[in-house]
Amino acid sequence: MAKLSCSYFLLLVIVFSVCLMVKETEGMLCEITIDQEQDCQRFFCTQDCAMQYNGIGECLDDPNVFGPRNCRCKYNC
């Protein structure tokens, strides 16, 4: 009986830990720069971001990325 109780307790701890990890990533926004080689066109930026990441794309001049205007995609992690 003690081995069974210990197994149930361990299983409960694992399930609880997984639930906490899922709640931590919920609602967080991630960003990625896509199509770095080409000048950003708003229509294609929004379309690519929505299709690839289910997010919102915007054109901007990113000082950290060399080249023309870039497409920045924001999406839920």
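This note sets out, in numbered points, the main features of a predicted model.

1. Overall composition. The chain comprises two helices and three strands. Read from the N terminus, these elements follow the order α-β-α-β-β. Of the 77 residues in the chain, 18% are buried. Among contacts with a separation of 6 or more, 53% join residues that are 24 or more positions apart.

2. The sheet. The three strands form an open sheet, arranged in the order β1-β3-β2, and their pairing is antiparallel. At the edges stand β1 (29-34) and β2 (56-60), each of which pairs on one side only. On average, and with direction ignored, neighbouring strands of this sheet are turned by 25 degrees against each other. As general background, strands of a sheet pair through backbone hydrogen bonds, either parallel or antiparallel.

3. Pairing within the sheet. Strands β1 and β3 run antiparallel and are joined by six bridges. Within this part of the model, E31 stands opposite K74 in β3. On the other side, β2 and β3 (residues 70-76) also run antiparallel, with five bridges between them. Here G57 has C73 of β3 as its bridge partner.

4. Enclosure of strand β3. Five of the seven residues of β3 are buried, and the strand is therefore largely enclosed by the rest of the structure. The reader may wish to keep this in view for the points on R72 and Y75, both discussed below.

5. Helix α2 against the sheet. Helix α2 (residues 42-53) lies across β1, β2 and β3, and it runs at about 145 degrees to β2. One residue of this helix is A50. With a relative accessibility of 36%, A50 counts as partly exposed. The C-alpha atoms of A50 and C73 lie 8.5 Å apart in space, although the two residues are 23 residues apart in sequence.

6. The nonpolar core. The largest nonpolar core consists of seven residues, namely I34, C40, C45, C49, C71, C73 and Y75. Two elements, α2 and β3, each give two or more residues to this core. The largest share, three residues, comes from β3. C73 thus appears in two settings: it is a member of this core, and it is the bridge partner of G57.

7. The aromatic pairs. How many aromatic pairs does the count give? The count comes to two. In one of them, the ring centres of F43 and F44 are 5.3 Å apart and the planes stand at 75 degrees, so this pair is edge-to-face. F43 counts as exposed because its relative accessibility is 59%, over the 50% cut-off. F44, at 43% relative accessibility, counts as partly exposed. In the pair of Y53 and Y75, the ring centres are 5.0 Å apart and the planes are at 25 degrees, so the pair is stacked. Since Y53 lies in helix α2 and Y75 in strand β3, this stacked pair ties together parts that are 22 residues apart in sequence.

8. The surroundings of Y53 and Y75. Are Y53 and Y75 buried or partly exposed? Y53 is partly exposed, its relative accessible area being 28%. Y75 has a relative accessible area of 18% and is buried, because this value falls under the 20% cut-off. Leaving aside residues up to four places away in sequence, Y75 touches M28, L29, C30, E31, I32, Y53 and G55. Y75 is also one of the seven residues of the largest nonpolar core.

9. Arginine 72. Which strand holds R72? R72 is found in β3. Its relative accessible area is 15%, so R72 is buried. The side chain of R72 makes a polar contact, at 3.2 Å, with the side chain of T33. Not counting residues up to four places away in sequence, R72 touches E31, I32, T33, C45, I56, G57, E58, L60 and D62. Among these neighbours, C45 belongs to the largest nonpolar core, while G57 is the bridge partner of C73.

10. Summary for the reader. Strand β3 pairs with both β1 and β2. The same strand gives the largest share of the core, and five of its seven residues are buried. Helix α2 lies across all three strands, and the stacked pair of Y53 and Y75 links this helix to β3.

Technical notes:
Residues are numbered from 1 along each chain as its sequence is written. This is a predicted model: local features need pLDDT of at least 70, side-chain atom pairs count only at pLDDT 80 or more; totals for chains, interfaces and linings use all residues. Side-chain values use heavy atoms; hydrogens and water are left out. Two strands pair if DSSP finds at least two bridges between them. Helices (H or I, at least four residues) and strands (E, at least two) are DSSP runs, numbered from the N terminus. Axes are lines fitted to C-alpha atoms, for helices over the stretch in contact, and angles run from 0 to 180 degrees between N-to-C directions. Contact means heavy atoms within 4.5 Å. A nonpolar core is a set of buried Ala, Val, Leu, Ile, Met, Phe, Trp, Tyr and Cys residues joined through side-chain atoms within 4.5 Å. Buried means under 20% relative accessible area, exposed over 50%, partly exposed in between (1.4 Å probe, protein chains only). Rings of Phe, Tyr and Trp (its six-membered ring) pair if their centres lie within 6.5 Å; planes under 30 degrees apart count as stacked, over 60 as edge-to-face and the rest as tilted. A polar contact is a pair of N or O atoms within 3.5 Å; within protein, one must be able to donate a hydrogen and the other to accept it, and residues adjacent in sequence count only if both atoms are side-chain atoms.
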